[in-house]
Amino acid sequence: MSKSYTDQRLYTIYEEELNELTYNPTGLFDKLLHHVLRKFTQTIDLKYTFTVPVSDFLRGELFCEDVSVVIGKPFTQTNLISILLDDFLYQAQHKWNLYDLYRDLHSGIQHPIEIFHYSGEREILHINHETQRNKEIDCTINRKKALRLEVILSDLANLEPEITFSVNDVLQFIYCHFIQKYKEGTLTNELKRIVKRLA
């Protein structure tokens, strides 16, 4: 099952989990219902959408086609993003400290600039050095992975509350970072590595 989150709160899954952990059902029926619902929600896939330059999207498509040819079955952008997210979560858990992770995300994600006019009005500017066409990518992520990512991002938000990152920000970052390295030729063994992981 897939569910899409449009809630205005930034870390919805994390907040849901905290609410679940503090909820104490009373009565046998409530306890049974709570247990069944809890089991069900943990297997939900969540839908996320983020935007990338169309040139990056095309390179991602071509990379996925190359993997598909080698493994003999479909390999989609969602499969690629799932692998990239697994790597990101592993790095965040085992290699990065929070400050390093914050610096990497901050340097790799474009942030809008707020301008306050003399009249008191506020304007948001998105800085982009060249006009480029963009493409939306829809992907699904297992709720457990989304929860783990939101916990990390919540910790970062406590560390540096001025700028917060959403799950979509991170998905865009890891995808574009991968494509950039792929374009530069620094990921020469990446196709073999992904094929080996899928075997």
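Q: Which residues of α6 are buried?

A: A residue is called buried when its relative accessible area is under 20%. In this predicted model, the buried residues of helix α6 are R143, A146, L147, L149, E150, I152, L153, S154, L156 and A157. Notice that R143 and E150 are on that list along with the leucines.

Q: What span should α6 have, and how far apart are its ends?

A: Count 1.5 Å times one less than the number of residues. Helix α6 covers residues 143–159, so its 17 residues should span 24 Å, and the end C-alpha atoms are indeed 24 Å apart. You can run the check again on α4: its 18 residues should span 26 Å, and its end C-alpha atoms lie 26 Å apart, which agrees.

Q: Which atoms come together at the start of α6?

A: Here you look for a side-chain atom paired with a backbone atom. A side-chain oxygen of N142 comes to within 2.7 Å of the backbone nitrogen of K144.

Q: Back to α4, then. Which of its residues are buried?

A: Q77, L80, I81, I83, L84, L85, F88, L89 and A92. Let's zoom in on one of them. L85 sits in helix α4 and counts as buried because its relative accessibility is 1%.

Q: What does L85 touch, leaving aside residues up to four places away in sequence?

A: A contact means heavy atoms within 4.5 Å. Leaving those sequence neighbours out, L85 touches I141, K145, L149, L171 and I174. L149 is also one of the buried residues of α6. As for I141, it is 56 residues from L85 in sequence, yet their C-alpha atoms are 9.1 Å apart.

Q: How is a pair of packed helices described, and what does that give for α4 and α8?

A: Two packed helices are described by the angle between their axes and the distance between the axes. For α4 (residues 77–94) and α8 (residues 190–198), the axes come within 12 Å and cross at roughly 95°. Angles of 65 to 115 degrees count as roughly perpendicular, so α4 is roughly perpendicular to α8. On the α4 side the contact uses L80, I83, D86 and D87, and on the α8 side R193, I194, R197 and L198. By type, that contact has four nonpolar, no polar and four charged residues.

Q: What about α3 and α7: at what angle do they pack?

A: About 75°, with the axes 10 Å apart. That makes α3 roughly perpendicular to α7. From α3 (residues 54–71), the residues D56, F57, R59, G60, F63 and D66 meet Y175, C176, F178, I179, Y182 and K183 of α7. This contact divides into seven nonpolar, one polar and four charged residues.

Q: Is K196 buried or exposed?

A: K196 belongs to helix α8 and counts as exposed because its relative accessibility is 69%. Its C-alpha atom is 9.4 Å from that of I71, although 125 residues separate the two along the chain. For a loop case, take I163, between α6 and α7. I163 is partly exposed, with a relative accessible area of 22%, and it lies 8.3 Å from H106, C-alpha to C-alpha, across 57 residues of sequence.

Q: Zooming out, how many helices and strands does the protein have?

A: Eight helices and five strands. Their order from the N terminus is β-α-α-β-α-α-α-β-β-β-α-α-α. Of the 199 residues, 31% are buried. Among contacts with a separation of 6 or more, 77% join residues 24 or more positions apart.

Terms used: Residues are numbered from 1 along each chain as its sequence is written. This is a predicted model: local features need pLDDT of at least 70, side-chain atom pairs count only at pLDDT 80 or more; totals for chains, interfaces and linings use all residues. Side-chain values use heavy atoms; hydrogens and water are left out. Axes are lines fitted to C-alpha atoms, for helices over the stretch in contact, and angles run from 0 to 180 degrees between N-to-C directions. Helices (H or I, at least four residues) and strands (E, at least two) are DSSP runs, numbered from the N terminus. Angles under 35 degrees count as roughly parallel, over 145 as roughly antiparallel, 65 to 115 as roughly perpendicular and the rest as oblique. Ala, Val, Leu, Ile, Met, Phe, Trp, Tyr, Cys and Pro count as nonpolar, Asp, Glu, Lys and Arg as charged, and the others, Gly among them, as polar. Buried means under 20% relative accessible area, exposed over 50%, partly exposed in between (1.4 Å probe, protein chains only). A polar contact is a pair of N or O atoms within 3.5 Å; within protein, one must be able to donate a hydrogen and the other to accept it, and residues adjacent in sequence count only if both atoms are side-chain atoms.
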